[in-house]
Each structure stands twice: as structure tokens, then as C-alpha cells.
Amino acid sequence: MDDKDTPRVGAAVRRRRRTLGLTLATVAARSGLSVPFLSQVENERARPSARSLDRVAEALETTTARLRAAADSARAVDVVRSEEGEGVRRLVRGRHQLSALEFSGEPDLGREFQHRNDELMYVVAGAVDVEAEGQVHRLESGDTLFLSGGVRHRWRATAPGTRLLVVAVAEHIDATYDSRR
């Protein structure tokens, strides 16, 4: 595998390890790899082979695909320019820990949503009605609504020219807390 093709997964490995509350020594013991090597991987000074990455993923109770997805974009800065028209616009490209969408116009998606991770809605312009936990919340320009992961909700724009920003922890990220660990 060419050095350019080997994954840069250091930041993803570090985030996952810290999320699980593990030390480098614990991951080393679980994976059979050395602490110095794992430290080099986390600091992007070494790139793991496919086999080593499999061992790290297993030690971190995840998959290589998820580690690669979390490390998908090596870009630290990415500008998304505004576009003409109405609809849905991704504000963050690629697969990151953060998902952000802008809805413009007067969409009524006509369905209920339930995401496993937290979500924040911010009304840039116009107004929306959000139904959550059996209550309807009227949001107007500048208002925000926080939804914990697992809360069923639906929303609809109620004013012309509505722009709604929805920011959430991405679905491919396991941001839930398990008290049994």
C-alpha cells in the first residue's frame, strides 16, 4: 500500500480511546501493539498497516470502517459557499463528528425523526413549529431548540423564507454514554 493510501486515523483513534476512557497502555494490551507505536499513530507520526488497524479497532470496540470514516476528511478547514435556490444544503462535507444542514424555503418533510445523538435547531430566518415530547414549540428567528438523542420529533416551516440550521452529532458517531462501562 502506497504511503498516500494508508489511512491517517490518529485523531479518530485518540477520540475513540478517550471516549471509552482507556489509556494507551490498555489499548496496547488489548491490541498486542506497543504503547510507543500507538502514541505515534495517534500523533500522525506513524500509519498502521491494515492488520494493525484491525487490531486497534477491535481493542477500541469498533470497526476499521468506522475509524476510517471518522478520519475521512483530513481537512482542518473547509469552506462551503452559499448557493442559490431553496432546499437542503450540507454545511459540513464528508463524514465528521458534526453534521450540519440548512433547510430553506417552506419544507414540511411530513415525517417524524428520531436520532440517537443530540441535535440543535437554530432558526436563522422565518419560523418553524417543532413537535417533540408531545408539545409543539414555536421557534422564530434567533431561537434555538435542543433535543437529546432519542427524542422523537417533527417540524415544519410556518413562514415564507424560513431558514433552519440543524446541527447534530453525526449518526455514525457513538456519542451515547453507557454507565455500565
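How many of the six residues of strand β4 are buried? In this predicted model, the answer is five, and the strand (residues 127-132) is thus mostly covered. Its surroundings are described below, followed by those of helix α4.

Strand β4 belongs to an open sheet of three strands. The order is β5-β4-β7, and the pairing is antiparallel. β5 and β7 occupy the edges. Each has a single partner strand, so one side of each lacks a neighbour in the sheet. From one strand to the next, the twist averages 20 degrees.

The pairing of β4 with β5 (residues 135-140) rests on six bridges, and these two strands run antiparallel. D129 stands opposite R138 in β5. E131 has V136 as its bridge partner in β5. Two residues lie between the strands of the β4 and β5 hairpin. Within this hairpin, E133 adopts a positive phi, near 55 degrees. On the pairing with β7 (residues 153-157), five bridges are found, again with an antiparallel run. Here the bridge partner of E131 is R154. E131 is thus bridged to V136 in β5 and to R154 in β7.

Helix α4 spans residues 50-59. Its buried residues are S52, L53, V56, A57 and A59. They lie on the same side of α4, because the arc they cover around the axis is only 160 degrees. R51 and E58 are exposed on the other side of the helix. The buried residues pack against four helices: α1 (10-20), α2 (24-31), α3 (35-42) and α5 (64-70). After α4 comes E61, with a positive phi near 55 degrees.

The packing of α2 on α4 can be described further. In general, two packed helices are described by the angle between their axes and the distance between the axes. The axes of α2 and α4 come within 8 Å. They cross at roughly 115 degrees. The crossing of α2 past α4 is right-handed. From α2, the contact involves V27, R30 and S31. From α4, R55, V56 and A59 take part.

Nonpolar side chains tend to be buried together in soluble globular proteins. The largest nonpolar core of this model holds 20 residues. Those touching the most other members are V9, V13, V27, L38, V56, L60 and L67. Helices α1, α2, α3, α4 and α5 are the elements that give two or more residues to this core. The most come from α4, which gives four residues. Apart from this core lies another, of 16 residues. Its members include L101, V128, A132 and L164.

V56 links several of these descriptions. It is a buried residue of α4 and takes part in the contact with α2. V56 is also among the residues that touch the most other members of the largest core. Leaving aside residues up to four places away in sequence, V56 touches V13, S31, L33, L38 and L67.

How values were computed: Residues numbered from 1 in each chain as written. Predicted model: local features only at pLDDT ≥ 70, side-chain atom pairs only at ≥ 80, totals over all residues. Heavy atoms only, no water. Buried < 20%, exposed > 50% of the residue type's maximum accessible area, 1.4 Å probe, protein only. Arc of directions from axis to C-beta. Contact = heavy atoms within 4.5 Å. Core = buried A, V, L, I, M, F, W, Y, C linked by side-chain atoms within 4.5 Å. Pairing = 2+ DSSP bridges. Axes fitted to C-alpha atoms, helices over the stretch in contact; angles between N-to-C directions. Left-handed = near helix turned anticlockwise from the far one by under 90°.
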